[in-house]
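Colleague: Let's go through this model together. I will ask, you reason from the coordinates.

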Amino acid sequence: MGFLSLLFTFYFINISVTSFTAVAATDTLTPFQRLKDGQTLVSGDQGFEVGFFGPPDQTNIRYLGIWYKDITPLTVVWVANRTKPVKNLDAALMLDFNGGLAIQDRTHNLVLLSMPSKNACEPVLQILNSGNLVVRDDCNGYLWESFDYPSDTLLPGMKIGWDYKTGRNRVMTSWKNCDDPQSGDFSFGLDTPRLPQLVLERSSIRESRWGPWDGARFSGTNALWINPVFQPVFLTNSDGVHFTYNALNKSVLVRLVVTQFGKVQFLTWKNYSEEWVPIVTLNKDSCDAYGSCGPYGICYIGELNCQCLKGFTVNLSGGWMDWTAGCKRNFELACDRDGFVEFKGLKLPDNGTVWENLGYNECEKNCLQECSCMAYTYLDVYANGTSTCVVWLNELFDMQSFPHGGDDLHIRMARAELESIASAKLEKDQNLVSIIISSAAAGMALLGFLIARGYMSPEYTMHGQFSTKSDVFSFGVLVLEILSGQKNWGFHHPDHDLNLLGHVWNLWREGKELEILDSALEFEDSLSETQMLRCINVGLLCAQNDSEFRPAMSTVICMLRNESIVLPEPKEPGFYPGSASAGIGPVSVNELTCTTLSAR
């Protein structure tokens, strides 16, 4: 049925008033009924209500909306005619025999909500328990649904994002103000489906951004993570690219809202205080402001604290303390002589590009060959279990430090910068080893005068046998105490009764040895991590139960300072349940010769 036919149908219905029946308390509307101002449809579970409402100060303006039935003040979650309010009190909602849905006023003006379908068979309009208002029939299922046209609110199960079949991009749009449901300044949705990100815009200008999807979350936020109230869902399939969420407790009312002030918030209803309370706010931190630190600048959460990436310095062209110009490179790129440095724990920059059908190594190789490629990463951006090559072909913009849940990014650097970074890492790792050796040596000097519990070797404790290998045992205990920040004697763990040595030994066998590290020893790169692992390995070698397998002290120092030495696997430590009380065995396999090369 065409537009003129639809118009005729509604006009005929309007003048044939005697053919209509009043709407009783129900959740459905049929083509033989109309919903007038003052009447409502109520969902089967009494949760949602459909009817006409208007601004408190404009009684002649009417909107068709959906709201929570038993919540005061009125909480509207969907508005049908935001841009075309009815300007009199004789508004009515009507459904024609072909599933066409429209609002009509006293002058017969129509606001079309859905076009009729040629194949409709006995359609009805129904408000579902989910809050979704649908036109359905027994032949085709849903012909139209309000969930396809979000207002400022996203209910559980409602989607924002791209629909490939219709080409429509569903976005949320704020109200003009708290009483006026006309479209306000702020919109929230997914940008291009090629590399989907959640984006908040104000008058079409980007305000905040979260993404892209990294296989677990949108890069740059832990707010959209499963919690006791709701479970966020990002999905891509042949139908489109969408973001939605599921309510985990049906007794808790939850909704996602874009406020008139541009806040993106999950709210829950508190019965005891009769108010909506924010439980998650996406743009709560100053670092969520788009591009706050400029190109190659990093924003640190908690306060607007901008810093440059390693290899970059502040670009003062915008003036002192003005970060709009961001940062500039210490050394100019030379394309074929460049390389990449891996940065961990970042919110990924904006304006990425997907290079499909490339493996991880091919991604790096192709990016290196493309002189304009400034960075790359490898992510499951489509939530389908398959990682994809993502590159950045321009300046890196809108990044944030995100140590817990951030992503890895390989950034292009000049050869001179690569050499500078490698030299700094080597010096740092050497300093780390020196600190550990010095700290343990200081402890050993103290133990030379004191017989301390937790440091004495098994052979001395059980049989009074003392040797240089007893000192090595004490050194190993001290190393592990320094790394963990905990004492061997008096160590307590809720899952077992082992001392610190036993605990570290169990983690070593499970491949989880880095879990013992004191938070004060957080490392920023893989080289530091390797050094930490090496120190744990040496500590366990020194603390072995069998004294014959412990390395000599000179060998220990050599092991810590010379990474070219391959370390053997440690055996069980002293005082571990089931171990012998004194060392026995053949000649040690850990006695190594350390040779220092010098010029002739």
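Colleague: Which strands each supply at least two residues of the lining of the second largest pocket?
Modeller: Keep in mind that this is a predicted model. The second largest pocket holds about 600 Å³ of space. Residues nearest its centre include W175 and R255. The strands that each give at least two lining residues are β16 (172-177), β22 (254-258), β23 (264-270) and β24 (275-281).

Colleague: How many nonpolar, polar and charged residues are in that lining?
Modeller: The lining of the second largest pocket is made of 25 residues. L74, D152, W175, C178 and R255 lie nearest the centre. By class, the split is 14 nonpolar, 6 polar and 5 charged.

Colleague: Now the surface. What is the area of the nonpolar patch that includes I226?
Modeller: I226 sits in the loop between β19 (205-210) and β20 (230-237). Its relative accessible area is 48%, so I226 is partly exposed. Patch residues need over 30%. W225, I226 and L248 together make a patch of about 280 Å².

Colleague: On to charges. How many residues apart in sequence are R62 and D37?
Modeller: Their side chains meet in a salt bridge, 3.0 Å from N to O. R62 lies in the loop between β4 (48-53) and β5 (63-68), and D37 in the loop between β2 (34-36) and β3 (41-42), so the pair ties together parts of the chain. The separation in sequence is 25 residues.

Colleague: Is R62 buried or partly exposed, and what about D37?
Modeller: The cut-off for buried is under 20% relative accessible area. R62 has 13%, so R62 is buried. D37 has 23%, so D37 is partly exposed.

Colleague: Which residue forms a salt bridge with D350, and how exposed is that partner?
Modeller: D350 itself is buried, at 2% relative accessibility. The closest N and O atoms of the bridge are 3.0 Å apart. D350 is in the loop between β29 (339-347) and β30 (353-355), and the partner is in strand β19, 144 residues apart. The partner is partly exposed at 22%; it is R206.

Colleague: Where does the salt bridge partner of D338 lie?
Modeller: The side chains of D338 and R412 meet at 2.9 Å, N to O. D338 is in the loop between β28 (327-329) and β29, so with R412 it ties together parts 74 residues apart in sequence. Both D338 and R412 are buried. R412 lies in strand β34 (residues 407-413).

Colleague: Which residues do shared salt bridge partners join into one network?
Modeller: A search of the whole structure finds 17 salt bridges. Among them is the one between D350 and R206. Bridges that share partners make one network of D191, R206, R209, K347, D350 and D398.

Colleague: What separates the C-alpha atoms of Y576 and G502?
Modeller: Y576 is found in the segment after α8 (553-561). Its relative accessible area is 13%, so Y576 is buried. Along the chain, Y576 and G502 are 74 residues apart. Their C-alpha atoms are separated by 5.7 Å.

Colleague: What is the C-alpha separation of F473 and G574?
Modeller: F473 lies in helix α5 (residues 468-484). At 0% relative accessibility, F473 counts as buried. F473 and G574 are 101 residues apart along the chain. The C-alpha separation is 8.5 Å.

Key:
Residues numbered from 1 in each chain as written. Predicted model: local features only at pLDDT ≥ 70, side-chain atom pairs only at ≥ 80, totals over all residues. Heavy atoms only, no water. Patch = residues over 30% accessible without salt bridge, like charges linked within 9 Å, V, L, I, M, F, W, Y side chains within 5 Å. Areas by Shrake-Rupley, 256 points an atom, 1.4 Å probe, with all protein chains shown as cover. Salt bridge = Lys/Arg side-chain N within 4 Å of Asp/Glu carboxyl O. Helix = DSSP H or I, 4+ residues; strand = E, 2+ residues; numbered from the N terminus. Buried < 20%, exposed > 50% of the residue type's maximum accessible area, 1.4 Å probe, protein only. 1 Å grid on protein atoms, 1.4 Å probe; cavity = no way out; pocket = protein on both sides within 12 Å on 5 of 7 lines; lining within 4 Å. Points joined across faces, edges and corners; volume = space filled by probe spheres on them. Nonpolar A, V, L, I, M, F, W, Y, C, P; charged D, E, K, R; others polar.
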